[in-house]
Amino acid sequence: ILLLSPLKKPSHLNQMQGVFLLVFSKFCHLPFLRGVQTQSTRTGLGGCWGNKGGVSARMMVFGHPVCFLNCHLPAHMRNLEQRMEDFESILQQQQFEGGTAVGVLDHDVVFWFGDLNFRIEGYDIHVVKSAIENDKLPLLWEKDQLNMAKKSESVLEGFIEGPLNFPPTYKFDVGTHTYDTSAKKRKPAWTDRILWRLRRTGSPVPSHNSALQRGLTSWLGGATRVSQHYYRSHMGFTISDHKPVSALFSLHVSLKMVNLPLVTLEVEKEWTKFSDATVKLSMAHGFQRSSWDWVGLYKVGFKHHKDYAAYLWAKSEHSTQVGRGIC
């Protein structure tokens, strides 16, 4: 699932056997991504196996807590209740340290995606395939388990999904574009989904039906806004019995402007020789210090905060001369 592009260097990674999550960032955004943490929850075989479950990555994005949650929920039509129980278990178990966003749903923005395994109820396989072939997908939206669950399950309150304007992405014969022809003949379903949720809303979240009718792809959440530019499947892939899906979002957040810099680095004179490499560090009054503060020297065009050429600890509470001898 690509949520930030173009892709640069991975800033954090979490993997759990059958569930994999990568978060990338543009180089220009790196200084504004803080507090990156990850969590994972196994739900397969009573919590002992990682083929089912969820992995998450959370961070402060320009001062706003954002969480990405990738889940693989139980399969089969009959396991709707188990899917909801596993999702609630994942939310309860995944807790983060520090700040106000301790749980997944405490974040200003949550992106929830993965093989959620929700199926289409009520219609037999012939009706489902006929609706797909005749481009009558709205007929199937009404019987989609996730759409129906959003009306009755409180844990899904506030989650929004763009219109499913692409055919069900499961189940295909591997190597083909043909829905399952095996003896099991699995009914096509939208198992692979991407949703989002805003914690603060200025007014009630629209119902799923009204969102579909109006083609709603964005929603205001206080000072935070998410816009979905596209939501689509990639039917050309044939290496799996699923077709991958992708979505592109814009995240609009309010920024608190600071008139005076919180940290100032002053170079006394031009560096012409080794002994000139001196920098003076000053902190704004009232700015919270840490014993872990350090000053790094980087080459132009660095890609990661660990790509420093050298660094020194900034231990003093006052203006401090640091950097002598850095080359």
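The following paragraphs describe a predicted model of a single chain, from its overall make-up to selected local features.

The chain has 327 residues, of which 42% are buried, and its secondary structure comprises 5 helices and 16 strands. Among the contacts with a sequence separation of 6 or more, 58% are made between residues that stand 24 or more positions apart. The accessible surface of the chain amounts to about 18,000 Å², and carbon and sulfur atoms contribute 54% of this area.

Helix 2, which spans residues 125-133, has the buried residues I125, V128, A131 and I132. These residues lie on the same side of helix 2, because the arc that they cover around the axis is only 130°. H126 and E133, by contrast, are exposed on the other side of helix 2. The cover over the buried residues of this helix includes helix 3, formed by residues 137-141. At the N-terminal end, helix 2 is capped by D124, a side-chain oxygen of which lies 3.0 Å from the backbone nitrogen of H126. After the helix comes D135, which has a positive phi near 55° and is located in the loop between helix 2 and helix 3. D135 is a residue other than glycine with this positive value, and its relative accessible area of 62% makes it exposed.

Helix 4 also has a capped N-terminal end, where a side-chain oxygen of D144 is placed 3.1 Å from the backbone nitrogen of L146. The buried residues of helix 4 include Q145, L146, N147, A149 and K150. Of these, Q145 belongs to the helix that runs over residues 145-152, and it is buried with a relative accessible area of 0%. Its side chain makes a polar contact of 2.9 Å with the side chain of E121. When residues up to four places away in sequence are left aside, Q145 touches M77, L80, R83, F118, R119 and E121.

A search of the whole structure identifies 3 salt bridges. Such pairing is possible in general because side chains of opposite charge can pair when their charged atoms come close. In one of the salt bridges, R199 pairs with D108, with 3.1 Å between the closest N and O atoms. This pair links distant parts of the chain, 91 residues apart, since R199 is in the loop between strand 8 and helix 5 (208-214) and D108 is in the loop between helix 1 (80-93) and strand 6 (109-115). The two partners are covered to unlike extents: R199 is partly exposed at 36% relative accessibility, whereas D108 is buried at 5%.

D144, the capping residue of helix 4, also forms a salt bridge with R193, in which the closest N and O atoms are 3.0 Å apart. Because D144 lies in the loop between helix 3 and helix 4 and R193 lies in strand 8, the pair ties together parts of the chain that are 49 residues apart in sequence. Both D144 and R193 are buried. R193 meets E161 in a further salt bridge, with an N to O distance of 2.7 Å. Here too the pair links distant parts of the chain, with E161 in the loop between strand 7 and strand 8, R193 in strand 8, and their positions 32 residues apart. Like R193, E161 is buried. Through shared partners, the salt bridges join D144, E161 and R193 into one network.

On the surface, W292, W294, Y308, Y311 and W313 form a nonpolar patch whose accessible area together is about 560 Å². Among these residues, W313 lies in strand 15, which covers residues 310-313, and it is partly exposed, with a relative accessible area of 36%. A309 is found in the loop between strand 14 (294-297) and strand 15 and is partly exposed at 49% relative accessibility. The C-alpha atoms of A309 and Y298 are separated by 5.4 Å, although these residues stand 11 residues apart along the chain. Apart from residues up to four places away in sequence, A309 touches L297 and Y298.

Two further backbone features occur in loops. F62, although not a glycine, has a positive phi of about 50°; it is located in the loop between strand 4 (49-61) and strand 5 (64-72) and is partly exposed at 27% relative accessibility. The peptide bond from Y170 to K171 is cis, with omega near 0°, and K171 is placed in the loop between strand 7 (159-160) and strand 8 (192-198).

Technical notes:
Residues are numbered from 1 along each chain as its sequence is written. This is a predicted model: local features need pLDDT of at least 70, side-chain atom pairs count only at pLDDT 80 or more; totals for chains, interfaces and linings use all residues. Side-chain values use heavy atoms; hydrogens and water are left out. Patches are made of residues with over 30% relative accessible area and no salt bridge: like charges are joined within 9 Å, nonpolar side chains (Val, Leu, Ile, Met, Phe, Trp, Tyr) within 5 Å. Accessible areas come from the Shrake-Rupley method with a 1.4 Å probe; for residues, only the protein chains shown count as cover. A salt bridge is a side-chain nitrogen of Lys or Arg within 4 Å of a carboxyl oxygen of Asp or Glu. Helices (H or I, at least four residues) and strands (E, at least two) are DSSP runs, numbered from the N terminus. Buried means under 20% relative accessible area, exposed over 50%, partly exposed in between (1.4 Å probe, protein chains only). The arc is that of the directions from the helix axis to the C-beta atoms. Contact means heavy atoms within 4.5 Å. A polar contact is a pair of N or O atoms within 3.5 Å; within protein, one must be able to donate a hydrogen and the other to accept it, and residues adjacent in sequence count only if both atoms are side-chain atoms.
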